[in-house]
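Student: Could you take me through one spot in this model up close? I'd like to know where it sits and what is around it.

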Amino acid sequence: MTMSGPGGSRRRSISSANAEFQLLAALVGNRTKRHRQRRFIVQGVRGIDAALGSGWPVASVLLSDAASSAWSRGLPERATGSEVVQVRAALFDQLSQREDGAEALLVARMPPRPPEFLDAAAGEPLVVVEAIQNPGNLGTIFRAAAGLGAGGLLLTGHGADPYDPRCVRASAGAIFHIPFATAASLRTASGSLGRRLIGLDPGGAAIDDVDLSGRIALIAGNERTGLSRAARKSSLLAAIPTPGPVDSLNVSVALAIALAEVQRRRRASLR
């Protein structure tokens, strides 16, 4: 059934696991179909508020027919011009994949994200990640990059999908606030970066002794194999000292420490 809602937005309902519902379900679990549709699912209050607050393009608002909060009822008005789809509660729970009474989801659009997108948008420093495989790690990197002053994020290689709901959720809304782009490899994108490359690697010099001034890009490698050969060849390698019993850190933790060190030095230079 179709009807008009606030502001002239179109309202529809889904009450069975029909073809339209299957397309929505594919956005949750199928990377290929997500990118074919150029849409992705945003879950959780923090992510939804961040998407709407940043002006990210939204295709539709999905509301559970059990939704009762003032927050969920106010989403159609906030998502101006977006379609509103009422979904039967049992079906909605399959899309939300949560057990805490979720009431709303967004279907957001995927804008183009070529490496050139960062030329004008990215400030300092830039973060480059190579083929990060774990969506949670990638989302945490988005969160650390946005929270610790990175100007942009470049994703290279075939890694986790930034539009995977697990990544979007782990980013705590940061994915909507920091410029990011994708590239096939560091080699194909390095010409447009225009920065000194600092590769994070346990075998490098202690980061305390590495020059982090000026226009730089911090590069983190794959969780298992580390930096690519191209990154090792073109970067000054820096290590996060680990005086404890472990010899390496989670990639998102290492990047957060490196970004914090960059910001610490830059604040110190202004005093």
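Tutor: Let's go to Asp 201, which sits in strand E10, residues 196-206. Keep in mind that this is a predicted model. With a relative accessibility of 10%, Asp 201 counts as buried, because that value falls under the 20% cut-off. Its side chain has a partner: a polar contact of 2.8 Å links the side chains of Asp 201 and Arg 232. Arg 232 also turns up in the list of residues that Asp 201 touches once those up to four places away in sequence are left out. The others on that list are Leu 227, Leu 237, Ala 238 and Ala 239.

Now follow the chain to strand E12 (236-239) and on to helix H11 (251-270): the loop between them holds Leu 249. Leu 249 has a relative accessible area of 35%, so it is partly exposed, in between the 20% and 50% limits. Together with Val 246, Val 253 and Ile 257, Leu 249 makes a nonpolar surface patch of about 280 Å².

For one more setting, try Thr 80, in the loop between helix H4 (70-78) and strand E5 (83-87). Thr 80 is exposed, because its relative accessible area of 70% is over the 50% mark. If you want a distance to check on screen, take Thr 80 and Leu 63: they are 17 residues apart along the chain, and their C-alpha atoms are separated by 15 Å.

Technical notes:
Residues are numbered from 1 along each chain as its sequence is written. This is a predicted model: local features need pLDDT of at least 70, side-chain atom pairs count only at pLDDT 80 or more; totals for chains, interfaces and linings use all residues. Side-chain values use heavy atoms; hydrogens and water are left out. Helices (H or I, at least four residues) and strands (E, at least two) are DSSP runs, numbered from the N terminus. Buried means under 20% relative accessible area, exposed over 50%, partly exposed in between (1.4 Å probe, protein chains only). A polar contact is a pair of N or O atoms within 3.5 Å; within protein, one must be able to donate a hydrogen and the other to accept it, and residues adjacent in sequence count only if both atoms are side-chain atoms. Contact means heavy atoms within 4.5 Å. Patches are made of residues with over 30% relative accessible area and no salt bridge: like charges are joined within 9 Å, nonpolar side chains (Val, Leu, Ile, Met, Phe, Trp, Tyr) within 5 Å. Accessible areas come from the Shrake-Rupley method with a 1.4 Å probe; for residues, only the protein chains shown count as cover. A salt bridge is a side-chain nitrogen of Lys or Arg within 4 Å of a carboxyl oxygen of Asp or Glu.
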